[in-house]
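Work through the following exercises with the sequence and the coordinates open side by side. Each task is followed by a solution that proceeds step by step.

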Amino acid sequence: MNATSSLVQNNSPLRFGSTEFRDRHFPQLVTLNTTGKDSSESQAPLYLDNAGAPPVPVEVVHAHAHSLAQTLLANPHSSMAAAAAYTSVSINRVRQRILRHFGVSTATHSVVFTANSTAAIKLVADRFPWSPKSLFCYHQSSHTSIIGIRSRFSDTKSVFCFQSKELDSILSLTESTNGNVSSINADETHHLLSYPAQSNFSGERFPLEWVQAVRSLDHIPQPFSSHSSSCHKSNWRVLIDCASMVSTTRLDLAKTQADFAVVSFYKMFGFPTSLGALIVRNDATSLLTTSPRKYFGGGTVAAIAANSEYHRFRSGVAEQLEEGTLPFTEILALNHGFEFVEKTIGGWDILSQHVTDLAEYAQSRLGELRHETDHQLPVCKLYSPMTQNTKGPIIAFNIQTSTGTLIHHSQFMTLASIHNINIRSGCFCNPGACQQYLEISAQDIKQNHEVYGHVCGGSTDIGRPTGALRISFGFANIVSDVDRFLDFIQEFFVSKHDAIDNGIVSGLTRPRLIPYISAIHVYPIKSCGAISVTSWPMCDSGLVCDRKWMLVDRIHFQPLTQKKCPKMCRILIEKLDPYVGMMQVVYSSEYETHKTNDDQLVIMFDPIMPHSDRVPLNHDPADYDHQLSEKGDFSIVPKKISQADEWFSRHLGVDVCFVRSSTTAHIQSATMANLDKHHHTTMTPSFANKSPYLIISQSSYDLVATRVKQKNPVAHVDIMAFRPNLVIHGLIPFSEDQWISKSIQLGGTQFEIQEHCSRCQMICIDQATCKRHSEPLSTLAKMHRIDGRVVFGVHAWSKDQHLEFKIIHVGDVYTPPKMNL
């Protein structure tokens, strides 16, 4: 497809696929400011995460709201009431509509409503008649929710993960029993095979013919037989995960006769988000209703006695498995979702063709992108099959540098976020496909988590690929969305011939005769305000009290940062005396002209004691903060609410725990040295991310600020957004790039420069107003990227021994680097 496709040629007003259609039915994609940025910089959102969830059509919401306002509904369990009876009838009509959509009827299939497709999968896992000889086989590209079924088995030989070629080989070599599916016999062994109709990672579609071929098996074929003892008679049942495929394409279950099919309706219509379904063949319902139960809920029984063991279940599979009151208002909303696709858009075939054309156009354009350097390497490494009839509207890829090095997906997402571009990154809850395309072994995954701390959905760049980027198309997308996305990649990730100097040479300035420290900043509370000083004591963990404390989200057990809570920049440090052991914290409200007692908090802590006769103040530190556990486990936070906890929680609007680092710098330095051998990165005894010191060059900042102002004279830029500890004045811009793995001297202290500081969207937060901007990250990304990472400043560690109580001063002279021995 190209930009003159039929979607564009017939771009008449309100035609599906036109700008006018999108703007009318999806106003949230026109001007909505989703990033919290200053409205003067806000861009209309670009939404390319439809495989995650499509945006909600406003017509569906309005129609559903009108229906609720005009119709009296009631709990279906109040069956004798007229409103309840009407609700029950309406729910059953929705069931029938769902079955018609999938090409079947109540004569052959039943709909069991669940919370989502994951709940439907769990329902099968919990109710399937497993036996000691049962096998569970799943495709490597299965969603995590499918893989989770394996937890039902203690014997790993009963679980088999297969790839497409393996199953093709098995089925081609297997002589089936004339294609007939055996009837269910309670005495037989039942096996379950599952695979996705469409990979939610790459969009690859898998053969639907597998369903009938597997269901026709009456034995255990190789290589499955090596995973289980043989049995005379076997029943194979198939669970197909339809959630990804049916979001834009119809699936005919009359032809694809899976025993169990699972869907999530929010992936089809965007609304409601609390509803999915298990569609089960009627001849397979007994598989889910005959096994002993560990629990049953309201609405599932026909008769029950409270004071005895007597109870009898209802007869239908839906009645037995739908526990509790159904979300009846959400179920009836599905009518409006079907109406939107079938009538407003014009049908599922039109929708399917539209998103297929967009995906084909996008994948072709992505594949054509080349770095404008001598080797002209591709910009994108694509993980999706090129043949459109074997894939859905999903494209997975990574960006690579002009030298072929993959850029970590978090680097891309940082820039995409500040430009209001919404896509998905990571493994998309599909670890098998991620392993396959990125060539990650099971041992790699274990090492990434246990050694480097990587978690699913994590954004930390650990120096190796851990995920990919994914764009996916839906009913709200148009051709210009693809063009804007390609323009973004072209602007920020395509290397140019004239970018060898990183855009720096033209900004060179004469260095001062003798560079020196021009500013010192201490950040006692991680991600909160700094206190600027002219001199300050040092210790093994860096500047004394620097990032000694941190706020931990009590609900999610994660450190709180400005990326999640920009209001943290309003937490300022008015006084900090490490010799007395006192810190005065204030909350600076944009609405108040003067401080009140409630805006101030005094925190006492053990002072540093340069003299043996210095005695600590008589106080209990627990009155002010909590010590983090020795293991650094954020999930182990004290239940007691301290005075500081209450103060920070009230001002930030987040339930937090105020914690301090757990042990002394001396003990932590020894631990850090051991950890560093495995992590290959700097571990610090404070709550600093990478190192005790972050050093930046004033001239480098001045050059970036100048470029920002040249692009936009009113753009926001502030050196404090980079959160430096030490600022050096008088250097050539970006000459600090030459310091890596070398040592410099500031005053009488030697510092080992370890690595560049990678930058994220946090530097775009205005420290005075809490508002987000696109600068300076947008400009910096074009000026200064090393190995695909946007960097600014360097991480440092002091090489000197016995640092305790050594003082560093503004004005301390800089001595050029020396190579480490």
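## Exercise 1: Overall organisation

In this predicted model, residues 24 or more positions apart account for 72% of the contacts in the protein with a separation of 6 or more.

Task: state how many helices and strands the protein has, and what percentage of its residues count as buried.

Solution. Begin with the secondary structure, which comprises 21 helices and 34 strands. Then turn to accessibility: of the 821 residues, 53% count as buried.

## Exercise 2: Confidence

Task: give the mean pLDDT and find where pLDDT stays under 50.

Solution. The mean over the protein is 85, with 83% of the residues reaching 70 or more. Going along the chain, pLDDT stays under 50 over residues 498–510, a stretch for which the model has 18 contacts beyond four places in sequence. Residues 610–621 likewise have pLDDT below 50, and there the model shows 15 contacts beyond near neighbours in sequence. Where pLDDT is low, the predicted coordinates should not be read in detail.

## Exercise 3: A helix pair

Task: determine how the axes of helices α12 and α13 cross, and which residues meet between them.

Solution. Locate α12 at residues 328–345 and α13 at residues 348–368, whose axes come within 8 Å and cross at roughly 80°. Since angles of 65 to 115 degrees count as roughly perpendicular, α12 is therefore roughly perpendicular to α13. Next, list the residues: Phe-338, Val-341, Glu-342 and Ile-345 of α12 meet Trp-348, Ile-350 and Leu-351 of α13. Finally, sort this contact by class, which gives 6 nonpolar residues, 1 charged residue and no polar ones.

## Exercise 4: Nonpolar cores

Task: identify which residues have the most contacts inside the largest nonpolar core, and follow one of them outward to its neighbours.

Solution. The largest core has 116 residues, and those with the most contacts inside it are Phe-113, Phe-412, Phe-485 and Ile-489. Taking Phe-113 and leaving aside neighbours within four places in sequence, one finds contacts that include Ile-91, Val-94, Ile-98, Phe-265, Leu-326 and Leu-334, but also Arg-95 and Glu-322. A second, separate core of 48 residues includes Ile-571, Val-585, Leu-652 and Val-794.

## Exercise 5: Helix α14

Task: decide whether helix α14 is largely enclosed or largely open.

Solution. Count the buried residues of α14 (residues 409–418): 9 of the 10 are buried, so the helix is largely enclosed by the rest of the structure. Among them are His-409, Gln-411, Phe-412, Met-413 and Ile-418. Just after α14, Asn-420 takes a positive phi of about 60°.

Key
Residues numbered from 1 in each chain as written. Predicted model: local features only at pLDDT ≥ 70, side-chain atom pairs only at ≥ 80, totals over all residues. Heavy atoms only, no water. pLDDT = per-residue confidence, 0-100. Contact = heavy atoms within 4.5 Å. Axes fitted to C-alpha atoms, helices over the stretch in contact; angles between N-to-C directions. Helix = DSSP H or I, 4+ residues; strand = E, 2+ residues; numbered from the N terminus. Parallel < 35°, antiparallel > 145°, perpendicular 65-115°, else oblique. Nonpolar A, V, L, I, M, F, W, Y, C, P; charged D, E, K, R; others polar. Core = buried A, V, L, I, M, F, W, Y, C linked by side-chain atoms within 4.5 Å. Buried < 20%, exposed > 50% of the residue type's maximum accessible area, 1.4 Å probe, protein only.
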